[in-house]
Amino acid sequence: MKRQTGIWIDSSKAIIVCLDGKKESITEIDSDIENKSHHNREGNKGTFSGNQHNANETQLSNRKKEQTNYFMDSIIDYIKKSDELYVFGPAGAKTQLKKRIQEERIITPDKLKGIDTSDKMTVNQIVAKVRDFYTQ
């Protein structure tokens, strides 16, 4: 039996649907990626001198990159054993995941069956979309 996996992903979470024949499992991975560029503890951005402001932006950028890598690694742990993979979602996170999969050769290119853009969906809609994709 093939293990078919579908992932709905955006920057806040990923919902992974694994199909093994008639059996299905659903896993949700929440992201800790910061999406704010201003934190309450930083105070008024207008009071920063040039270097201090740039340093904080660099720290935020580095922290966000580290958080994104951790999020992608968490997802990749689930898909390593997949025979087929389908990725979809509303934002750029799906292309980031595709890039990581290709760069690190997590699965062979022929196992990545599709990447689509879709809006926010309920878990039931996600499961239905994955089932529809693999029954075509």
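Strands β2 and β3 pair in the antiparallel sense, and eight bridges hold this pairing together in the description given here. The model is a predicted one, and this pair of strands is a convenient place to enter it. Within the pairing, Ile-16 has Thr-27 as its bridge partner in β3. The hairpin that β2 and β3 form has two residues between the strands, and in this hairpin Gly-21 takes a positive phi near 65 degrees.

On its other pairing, β2 (residues 13-20) is joined to β1 (residues 3-9) by seven bridges, and these two strands also run antiparallel. Here Ile-16 appears again, since the bridge partner of Ile-7 in β2 is Ile-16. Ile-16 can therefore be followed from one pairing into the next, with Ile-7 as a partner and Thr-27 of β3 as another.

From these pairings one can step back to the whole sheet, which is open, has five strands in the order β3-β2-β1-β4-β5, and shows mixed pairing. The edges are occupied by β3 (23-30) and β5 (112-117), and because each of them has a single partner strand, one side of each is left without a neighbour in the sheet. Neighbouring strands of this sheet are turned against each other by 15 degrees on average, when direction is ignored.

At the β5 end of the order, the pairing is of the parallel kind, with five bridges joining β4 (residues 84-89) to β5. In this pairing Phe-88 stands opposite Asp-116 in β5. Between the two strands the chain passes through α2, and the resulting β-α-β crossover from β4 to β5 is right-handed.

The helix α2 leads on to the largest pocket, whose space amounts to about 170 Å³. Its lining is made up of Lys-65, Thr-68, Asn-69, Met-72, Gln-96, Lys-99, Arg-100 and Glu-103, and the elements that give two or more residues to this lining are α1 (50-79) and α2 (93-104). By kind, the lining residues divide into four charged, three polar and one nonpolar.

Charged residues also matter for the last topic, the salt bridges. Side chains of opposite charge can pair when their charged atoms come close. Seven salt bridges are found when the whole structure is searched, and one of them joins Lys-120 to Asp-10, with the closest N and O atoms 2.9 Å apart. This pair links distant parts of the chain, 110 residues apart, for Lys-120 lies in the loop between β5 and α3 (123-135), while Asp-10 lies in the loop between β1 and β2.

Conventions
Residues are numbered from 1 along each chain as its sequence is written. This is a predicted model: local features need pLDDT of at least 70, side-chain atom pairs count only at pLDDT 80 or more; totals for chains, interfaces and linings use all residues. Side-chain values use heavy atoms; hydrogens and water are left out. On a 1 Å grid over the protein atoms alone, a cavity is a set of points where a 1.4 Å probe fits but cannot get out, and a pocket is an open set with protein on both sides within 12 Å along at least five of seven lines; lining residues have an atom within 4 Å of a point. Grid points are joined across faces, edges and corners, and a volume is the space filled by probe spheres set on the points. Helices (H or I, at least four residues) and strands (E, at least two) are DSSP runs, numbered from the N terminus. Ala, Val, Leu, Ile, Met, Phe, Trp, Tyr, Cys and Pro count as nonpolar, Asp, Glu, Lys and Arg as charged, and the others, Gly among them, as polar. Two strands pair if DSSP finds at least two bridges between them. Axes are lines fitted to C-alpha atoms, for helices over the stretch in contact, and angles run from 0 to 180 degrees between N-to-C directions. A crossover is right-handed if, with the strands pointing away from the viewer, the path from the first strand over the helix to the second runs clockwise. A salt bridge is a side-chain nitrogen of Lys or Arg within 4 Å of a carboxyl oxygen of Asp or Glu.
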